[in-house]
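Trainee: Could you walk me through this model at the bench? I have a few questions ready.

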Amino acid sequence: MPALPTREEPNYFGAGPALLPIDVLQQAACDLINYKGLGLGIGEISHRSKEATDVINKTKANLRKLMNIPDTHEVFFMQGGGTTGFSSVASNMFAASHGKGKGAYLVTGSWSLKSVQEAQRLNVPCEIIYNAKDHNHGKFGVVPSNNDFKITAEDNFSYCYICENETVHGVEYQELPVLPAGVELCADLSSDILSRKIDVSKYGHLIGQLSLRTTLPTTPSPFSLCTLWI
Ligand SMILES: Cc1ncc(COP(=O)(O)O)c(C=O)c1O
């Protein structure tokens, strides 16, 4: 068998997918061919086998430890990348409010815009309560502070959605929206999850695209999305 390829440790600051350490990639290459001496790769065995289930459970436990995820939140992995997260946030939050609550969207760039468009496509009741273009000469480029939008308990919102780091338009929230009781904060952290410490307890629902940050986006991977759910 040829020796595993290697490379100079690169410096790379792409806004989307993150670098992975070379030894992690080499281990992944080995595990794709022969996982733990099974004679088969991890992508070839049943996704319900003990070995595959152990990988998922261990990853969840490690993530809980790393991010200090409280017991109030469930961790689950889904296929479909960030865009599927837009649909699942809207449809699940609507279902969680028993069809009564609306989504309040803060639109600050192309990803939060796509997310509200997905909610509209699914006929989930929602409103854009802040559009950054209205505050920056028709262009994205700013994020709201808490004085820039209003959301009250009487508005019948069940969740408020933000994209915490707009990868394309390069804006990131420095403070989280303060919301009335009963309105859950839902956030897309696809491009900044695990880049800094976050207080998970502040979020009702959080999507983080592990495929952008911690695995390979070009690999169809069941670990592509992490949703934390109260
Ligand atoms: C912040 C953010 N949200 C969502 C997405 C969409 O992810 P996907 O391309 O996996 O659908 C991206 C992709 O780069 C992103 O940067």
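Trainee: Which residue follows helix 2, and what is its phi near?

Mentor: Happy to help, and note that this is a predicted model, where local features need pLDDT of at least 70, side-chain atom pairs count only at pLDDT 80 or more, and totals for chains, interfaces and linings use all residues. Residues are numbered from 1 along each chain as its sequence is written. Helices are DSSP runs (H or I, at least four residues), numbered from the N terminus. Helix 2 covers residues 50-67. After helix 2 comes N68, with a positive phi near 55°.

Trainee: Which helix gives the most to the shell around the ligand?

Mentor: The ligand has 12 residues around it, and G81, G82 and T83 are among those that come nearest. Near here means that the C-beta atom, placed from the backbone, lies within 6 Å. With three residues, the top contributor is helix 3 (residues 81-96).

Trainee: Is helix 3 parallel, perpendicular or oblique to helix 4?

Mentor: Helix 3 and helix 4 (residues 110-121) have axes 9 Å apart and pack at about 50°. Axes are lines fitted to C-alpha atoms over the stretch in contact, and angles run from 0 to 180 degrees between N-to-C directions. Under 35 degrees counts as roughly parallel, over 145 as roughly antiparallel, 65 to 115 as roughly perpendicular and the rest as oblique. Therefore helix 3 is, relative to helix 4, oblique.

Trainee: How many residues does helix 2 have?

Mentor: From first C-alpha to last, helix 2 reaches 25 Å, close to the expected 26 Å (1.5 Å times one less than its number of residues). Its residue count is 18.

Key: Helix = DSSP H or I, 4+ residues; strand = E, 2+ residues; numbered from the N terminus.
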